[in-house]
Amino acid sequence: MKYLRFVLDHLRKDLRLEWRGRDAINGMLFFALLVVAIFSLAFDPTGYPTTTRQISGGVLWVAILFSSVTALNQAWTREIRNQVLDAQRMAPSPASSLFLGKALANLIFVLCVEAILAPIFIIFYNLHPLGNAWLFLLVMPLGTWALVVNGTFFAALGLRARNRELLLPLLLFPVSLPAILAMVQAASGILTNDIDAIQINLWIKQLAAYDIIFTTLCILLFETILHAE
Amino acid sequence: MQTKASPSGSAALPVAAAELTSVSRVYGTFAALRNVSASFSAGSCTVILGENGAGKSTLLRVLAGLISPTRGSVSIFGDSPQKNRGRIAYMSHAPMLYEELTALENLTYFASLHRDDQCACVGSPEMALRAVGLDPALTRTVSQYSQGMRQRASLARVLQTDPEVLLLDEPFSNLDVASAHQMVELLADFRTWPHHSGHARTILLTTHQAHLAEPLAETTLTMLNGQIANTKHRTSEPAA
C-alpha cells in the first residue's frame, strides 16, 4: 500500500507539471497529426479502401511511436532542471515508484493523444473496422504501455548522455520490435478482418507477455540506472 | 593530509555522524578530492571554506551519497550514505525544486516521499515555509521566485524532512545580508530541535562568506586543491 501511495504521489506530481506546462501533450499531438496528414496526402484513402485498411494499422502506430518519442525524450528534463533528480535520489522512497509514476503519467499523456487522434484518423482514412473493433480497447493500451515503459526507462538511461535525444530512438525502436510487430499485426487484423480472431488474440497475448516481461525488467533495473554516475 | 574535525577537541570523541576515510574523487584527470579523511561528530556544526574548485561541493556530494568516492570510504552513522537516505538532507547551489509548482506543492510532494521514514515531516511543509520566511499561501510558482526566495524554499525543503545530518552547499549565496543572518539564526535554532532518534543534529555547510557562518562555526575546515588544508576549532588556534 505504501509503495502504491508513492507511485500515486509521483503520478500526481507529473500530471500536475504537465497540466501547468502542457509541453508533452502539445508536442505529441502536433507531431502525430502531422504524420497522419502527410500519409493521407501521399495516397488517396477513398480511392483505395482495401490498401488504406491494410496499411492504416502501420500508419497509426508510426504516428504514435514517433510522437511519443518526442514526449519521452522530455520525460526526465524537468527532473534534471534545478537538480531535482538529486533530491529524488536522496529520498527514502523506492526508486522504482518514481519510474512507475512517470511511466503511468506518460501512458496517460499518450492515451490522451490517441483519444484525439483516433477520430481524426478515422475521418482522414475513411475507416471502419471490419473485425472486432472492441479489441482495439486491448491493443491500444497494451501497445502504448509497451512503448511508454521502455521509453521511460531508456530516457532515464540516456539522462547523462550528451546525445540523449538521439539515443532514445536508437535504443527504443530495436527493443520494441516484437511489440511493434504485435501492435501493427493486431491493429491491421482488426481493421481488415483478414486474419482470424485466434491469431489476433495471439498477437494480443504476445503484447501482454512483452509488457509483463519488460515492466518487470525496468522496475528491477531502474534503481541502478537512477544512481549511476 | 588527514584531519579529524571534532568540535569538542576532547579526548573521548562523540559518535561520528559522518566519516570520510582516505577519500579521493577523480573526474577524468582532475582530482576533486585527494585522500581526505575527516570525522564529523554528531551534534557538531562544521563550516567548510575554500576557493572555487577546492572540492567543497564534491565533499558534500560524497557525504550525501550522490557520488561515490573513487578511492576510500564514506560512512554516515557507521553505514553507507545510501542506507541512511532518510537521515541526510542535502541543499545544493540549485534549488532542487520544480519550477512549475508552488513552494508548498513542492514541499508537500517531497514530504510525501519521506512518509515511509517515520519522520515528523508529513504535514509540516507550511511550518517549514513559515520558518524560512515564506508565505505558504503564495500561489506563485517557483519559476516566478527571486533567487533569494528559491534559496529559502530550498532550505525549507531540507528542513521539513527532519534530518539528522544537514549538508548545505553555499546556503547564503543569493541572499541579502539580513536574510542570511535570519538563515543562520534558523540553523542555530534547528540544531536545538529534538530528534526522535535521540541523536543531536549535525550541520556541514560550505560558504565563501565565512563571516556570515561565524556564529555557527564550531569547526572551520579550509579546503585547497581537494585537500583539507586547515582545521580550526572555535576554542583553539588554527592549525599550521
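Let me start with the contact between the two chains, which takes 25 residues from chain B and 22 residues from chain A; please keep in mind throughout that this is a predicted model. On the side of chain B that touches chain A, the elements giving two or more residues are β5 and α2 (103-112) of chain B, and of these α2(B) gives the most, with 3 residues. If we divide the residues on that side of chain B by character, we get 14 nonpolar, 5 polar and 6 charged.

From β5(B) I would like to move to its neighbour in the sheet, because strand β5 (residues 88-91) of chain B pairs with β6(B) in the parallel sense over 4 bridges. Within that pairing, A89(B) has L166(B) in β6(B) as its bridge partner. On to the next pairing: β6(B) is joined by 5 bridges to strand β7 (residues 202-206) of chain B, again running parallel, and here L168(B) stands opposite L205(B). The connection between these two strands involves helix α5 (residues 177-192) of chain B, and β6(B), α5(B) and β7(B) together make a right-handed β-α-β unit.

Now, how is β6(B) placed with respect to the rest of the structure? Since 5 of the 5 residues of strand β6 (residues 165-169) of chain B are buried, the strand is largely enclosed by the rest of the structure. As for the side chains, in a regular strand they alternate between the two faces of the sheet. In β6(B), V165(B), L167(B) and D169(B) point one way, while L166(B) and L168(B) point the other way, and all of them, the charged D169(B) included, are buried.

Note on methods: Residues numbered from 1 in each chain as written. Chains lettered and ligands numbered in written order. Predicted model: local features only at pLDDT ≥ 70, side-chain atom pairs only at ≥ 80, totals over all residues. Buried ≥ 20, exposed ≤ 12 C-beta atoms within 10 Å, placed from the backbone. Pairing = 2+ DSSP bridges. Right-handed = clockwise from strand over helix to strand, strands pointing away. Contact = placed C-beta atoms within 7 Å.
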